[in-house]
Amino acid sequence: MADRKLQIALYWCAACGGCDVSVLDTDEFILEVDKVADIRLWPIAADGKYADIEAMADGELDAAFINGAIRNSENEHVAKLLRRKSKVLVAYGSCASFGGIPGLANLTTRDEILRRVYRENPSLEPGNTTVPLPETTVDGMQLTLPSFYRRVYRLDQVVDVDYSIPGCPPQPDRCRESVLALVAALTGQADPPPKGSVLGVYERALCDDCPREKTEKKVKRFYRPWEIVPDPNVCLMEQGVFCAGFATRSGCGVRCPTSGIPCRGCYGPAPGVVDQGAKLVSAVASMVDSQDPEEIEAILATLPDFTSFANRYSVPSSPLQRSHRR
Amino acid sequence: MSYEPTIVGFLCNWCSYSGADLAGTSRIQYPPNIRIIRVMCSARVDPTFVLKALRDGADGVLVCGCHPGDCHYSEGNYKTMRRFPLLKKLLADYGIEDERVRLEWVSASEGQRFADIVSDMTEKLRALGPSPVKADLAHDAVER
Amino acid sequence: MTRRISIDPITRLEGHGKIEIFLDDDGSVRDTYFQIPELRGFEAFVVGRPLEELPRIVTRICGVCPASHHMASAKAVDACFGGQVPPLAHKLRDMYYHAHYIHSHTAHFYALAAPDFVLGPDADPATRNILGVVHKVGLEIGGKVISARSKAQEIQRVIGGRNTQDIWCLPGGVAKGLTKDDLEQIRPWVEELYDFTQFSLQLFRDVVLANPDYVELILNGPYTLDVHNMGLVDENNAPNFYDGEVRVVDFEGNEICRYKPHEYADYVAEHVEEWSYLKFPYLKQRGWKGFREGIDTSIYCATPLARLNVADRMATPGAQEAFEEMFTTLGGHPSRALLANHWARLVEMVQNAEMLRRYCDDPEITGDDYRVVPETITGEGVGIVEAMRGTLTHHYTCDERGICTSANLIVGTTNNNAAIHMVTRKVAQRLIGPGKEPDAGILNMVEMAFRAFDPCYSCATHSLPGQMPLEVRIHRGGEVTHVFRRNC
Amino acid sequence: MDGEMKIGVYVCNCGTNIAKVVDCDAVAEAAAQLPGVAVARSYKYMCSNPGQEMIIQDIRDLDLDRVVVAACSPRMHEPTFRKAIQQAGLNPYLLEMANIREQCSWVHSDPVMATQKATALTRAAVYRVARHQPLEQRSVDLCPDTLVIGGGIAGMSAALDLADAGYKVYLVEREDHLGGNVARVDLLAPYLDSARDLLTERITRVMEHQNIDVLLGAEVESLEGFVGNFTATVRGQNGSPFRRSVEVGNVIVATGYKEFDASRITYYGYGKLPNVITSFEFEKMLRQGRVQTKEGRLPRYVAIIHCVGSRNPEYHTYCSRVCCMTALKYAHEVKAAVPGCYVSDVYIDMHAFGKGHEDFYRRSAEVKTLFLMYAKNDHPVIRKAGPNDGCEMLIEVNECLSGETIEIPADLVILMVGMEPREDSEQVAHLVNISRDKDGWFIESHPKLDPVATTTDGIYIAGACQFPKDIPDSVAQARAAAARILARIARGKLEIDAVFAEVDEDRCSGCRVCNELCPYSAIEFDEEKRRSHVISALCKACGACVAACPSGAITARHFTDDQIFAEIEGVLA
């Protein structure tokens, strides 16, 4: 490959570590990458200092892969630092790409979170009134904690992102393909994908790869996954089990629906779709088999908490945000 | 200063848009707060349009179609009717007050009805104040 | 004048944390704080979600041990739905979970801990990582490790449809069963894993036990603490990771208490400090007594070593052998040598592999009775499993439609929060002092203290999204004189 | 994209219709600042020839590639301006109109707000047109045959014009005979010629015409397809029951009216007083040549009461348009049938607007008819006469002109019942997919400019199914409908709107959500490829499938998400 080894960094913001595990899950491929690239930063698995990164020249890194959402100033600071130091910045995983599961916090408020964690909690120390503070002084020794943003952001809402590789986490084979494509581009063996490209995904929605049989989408009621043992061969949606597959980009290998579990949309919306949730509104409503307003309401009532289904991984991507609302 | 709401209206070409035209030919006055966008059928109104309108600064969104049973495309308005409860759930979870988004049936002969709806909605939105979405986005820009 | 040292961030753990070391003018450590500046909102934002979705949401608390959260959540949800689960479903979940244990322990032992032993505590940070280890021990061994961890992941995928970010558990059982073909696919992998656990024990003997310095460090280093032990055990007091009762034993081996999942709130409480977002669990009946060691302390830890301290025996013969070998070397059972946690992990892995073998030979394992549709919603449930990093408790309540109304989570690493804070301070005080200026090597030794716990702050800090790297800062007179930050 | 674009913006003053409220120059100036706008003008009448010329010249001189006209409703003049830019060589779909008259100047009075709104609507049109794509008009073969529903005077007249021009017509009549309501009439106002003569000529020609297939005792059961290619299923039991399906290109609905049911009004005693009868019952007497009371005596006094069920808030607010002249006609016919009989004509207003009507009114006065005027809200009262009154009934009228209360004798009272939509008008409307107004009459495409077409392409209406009409108006509308269809047939091919939905097969995952949605079954699923696709000729571009497609794989030409987003940004910018 290249005469010069590529300089790359992997970093996590508000993440669970699953993205890093998905990199480990590429198995021997890591050794391949090690041959062509120096991993200058990989928190979960390698020692390396911010100082090292700060010392780098701008653009010294060929690529930085950032997973996780942006929750606090630290996340944003490091994201901006890596943006400056990297020729190519990649949003890795659904949190960085759409906000992900931590983004569900945008459906509630910071005050509500603090209340539930430090005030109303069955295992709290009896009589506790303490809540962590950004600044404390314990006999003369000053201790600080960062303050947190009111809401969760996806990576490209705070820095310029070149590519994204969605998935919660990205499936290892998709990850291999994408990294190989980028390595080829970075070593001048291939043209770089157009900026903004979503890598490691297919054009079509999940249904294209789902073996379940599809016929007519008309339902008289919805079933929650616990209420039904679905037919293993028929489209889950057609059995009334809400499945986000038809509004979700394929690439995951359809592991959930083929295991009897409905899709929750982790690979994100189809190309060009502004909001996965809005698309699911019209698609799901189209299946409701009634023209009577009351019956329609009744049928839709069998599908509680619609928003967390429609935007399970993409609340921070919604055009609407309520970050500053009480 | 007193605040004037902006309403984006999505009207179906056959009934509601003609109804709005009829209000015009009949010189029925209503508040100038509404901006009408013509679609062939209320069923063309992708919920994304509603989100986008609110995102781009609308204080309210009005969707109008033919009366149930009278759709030029026979059932388009039922399709719209089915979407609304879900759309409302979604909007409510993002903190959008119920009054901000309305679905109404207006026929080609109901110029007066259209004018009344716009007047009523404008009044309600004046009382409700500006859309929280604008404020949030503005706030986001300065402080996270 | 007080001087301040900061290590930021600490590395080779899951998540972020920060250590503040305050030095007096003479350079002796005045105090040390182990801070978790991170909080995530799961308790708040799972409220309002349909209960059956929770096992597939809380897995994002930690992507390194998602199955622990998936299982604990599934058991809590089962309880909320009346708790009827077919025995086969429990077997399948247990089988799955053993594979998950091997994946997680392998990742920690080889990727996070091994560098300190294989390469040495003060090796060049740039090489002190899994790749460095692979280069040192050679590609053949490296390949073995990679292959084993990969098989452990694959076994989960075959049984449960997916590994990282598990989806498989539903109220009343699991979404799919295990076919005979699946079983035959798994069988050879299980054998590979069994061999791998034996290989790993041998490697530990060769690399660590053969090195007197390491043995000395483990037995008589600063890495010891007089606190109690917590772990999940079966009716024979053998470790059970998926199910059982929680047993607490003091560091002298006497049982302090034993409780069933739904009783957890009577035995464990969480103390809050203003300087950390992470709460400090303690034994409720003893009350919060501060960060103090000693026989009457209310502080405990829940780690692989703690689990083996709590256990009277292992559940399988091979593991029993390894168990005996370890405690003989450590000079008796229970042990306070925290670095032995790395060894304990390998012992647990033997039990995991042997249990997998058992299930492979269980004629019922490929049956069809793996799911019932629940008929009642009781409104409340607690689920407890042993996560790799400590006893994991999920407690939910729901309304009559099965919509979550509250959630409380006490996560593996959280149990160890107080202990980690204390041992870090202890190690710092022992290694830094007049004339002993802290350097990178010394500070890595400080980090080895918490690394023994394999702490997972992505887990522990489930209570508000966003992660901070752990840093050690050295303070003097309100001045930060050094900031040691490593990316983690 | 905007970089290269050259958009022309034309703000119409519509005389003062727009300009009196909206500052058109300001709107044009604002538009001139928008990206891609090469020229923006304000002009008195954009739709006038000079106005259109101005646009055409600009397109040629400044080589504009997009045009925005801010004027009246696009439903009014979009075709006009599309033609105009087409003349200048632009694709007609590179036009966008901003409706600043019907939806702005005519409904708002505050000049500042109205101008702001007009500016916003124009901006939206500019943003939108910048994203327009040139579209190919589609032309499909047109079936030259026509289906006429209703065998009354209107239906027959339309059928004959089409048939005479050499095209096949299927004439479907529910009754077992042709003629409709006219067949129930004796003489015709204002010339007192015979309705029968008039009909016989039509009916024989229709029955004998080789191009007309008359289906009596038959009804249209269903109508599928679209303009140029409808398939109608006709069911009937004229003789033996039959069901046949016919292919037609156009449909004329001429289903006529029914008379108001006088028994709904109690105060005239219809149904109770034996000699209170309706105009149609009287026509029957005339046709049978027996004008007499129930008791078989010749009436000495006949009273005619107008506006029964018409111009009355409780029943129908509209005027039925034929009753006045019919009433006058009765005066003549009564005198002819019963010489010396006194006729009194009790009316609200005498509507004599038609050709020859006013003369007829005068002539009727000459035959000694007593005209009494009553007020809308003060109807005459009929009571049984006493033994010494020398008549059957007495009618009390508060006479408006004299201001006195007058009591008139009557042996026979004729109630001039108005017209109302047939009971089945709703089913018919649904069958052919057209709309009805609040009274139930079918709605024409445009009340002034397009009175015979409907909002559904290929469906025309003629005669009293649209609104009460007399025979000349019905026939005129019928022949107008025929002419419209002939003009269309003459063009051979049928140009239909280039606006329809398309599935991007590279994006379609075959989830099949859209399959059930299309009201025209225009979406079919290709089992081979496992993709859905739209049969463009069947698509009417409602866009339901576009909004519903969860992976955004369906596009509505000329109503793309992109274009509508641009419009949203425009109105809110």
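## A five-strand sheet and two chain contacts

In chain A of this predicted model, an open sheet of five strands is laid out in the order 2-1-3-5-9, with parallel pairing. Strand 2 (37-41) and strand 9 (163-165) of chain A sit at the edges with a single partner strand each, so one side of each has no neighbour in the sheet. From one strand to the next, the twist averages 25 degrees. Strands (E, at least two residues) and helices (H or I, at least four residues) are DSSP runs numbered from the N terminus, and two strands pair if DSSP finds at least two bridges between them.

A word on conventions: residues are numbered from 1 along each chain as its sequence is written, while chains are lettered from A and ligands numbered from 1 in the order in which they are written. Local features need pLDDT of at least 70 and side-chain atom pairs count only at pLDDT 80 or more, whereas totals for chains, interfaces and linings use all residues.

### Around strand 5 of chain A

Let's look at strand 5 (residues 86-92) of chain A, which runs parallel to strand 3 (residues 61-67) of chain A and is joined to it by six bridges. Within this pairing, Leu61(A) has Ser86(A) as its bridge partner, and Ala63(A) stands opposite Val88(A). Strand 5 of chain A is also joined to strand 9 of chain A, again in parallel, by three bridges; here Val90(A) is partnered by Tyr163(A).

Why is strand 5 of chain A largely enclosed by the rest of the structure? Five of its seven residues are buried, so the rest of the structure largely encloses it. Buried means that 20 or more other C-beta atoms lie within 10 Å of a residue's own, with C-beta atoms placed from the backbone; exposed means 12 or fewer, and partly exposed is in between.

Helix 7 (residues 172-186) of chain A lies across strand 1 (6-12), strand 3, strand 5 and strand 9 of chain A, at about 155 degrees to strand 3 of chain A. Such angles run from 0 to 180 degrees between N-to-C directions, with axes fitted to C-alpha atoms, for helices over the stretch in contact.

### Where chains B and C touch chain A

Two residues are in contact if their C-beta atoms, placed from the backbone, lie within 7 Å. The contact between chains B and A takes 28 residues from chain B and 30 residues from chain A. Helix 3 (76-93) of chain B is among the elements that give two or more residues to the chain B side, and its 11 residues are the largest share of that side. The contact between chains C and A takes 84 residues from chain C and 78 residues from chain A.

| Side touching chain A | Nonpolar | Polar | Charged |
|---|---|---|---|
| Chain B | 14 residues | three residues | 11 residues |
| Chain C | 39 residues | 25 residues | 20 residues |

Ala, Val, Leu, Ile, Met, Phe, Trp, Tyr, Cys and Pro count as nonpolar, Asp, Glu, Lys and Arg as charged, and the others, Gly among them, as polar.

### Chain C

Chain C holds 15 helices and 16 strands, and 65% of its 488 residues are buried. Its mean pLDDT (the predictor's confidence in each residue, from 0 to 100) is 88, with 90% of residues reaching 70 or more.
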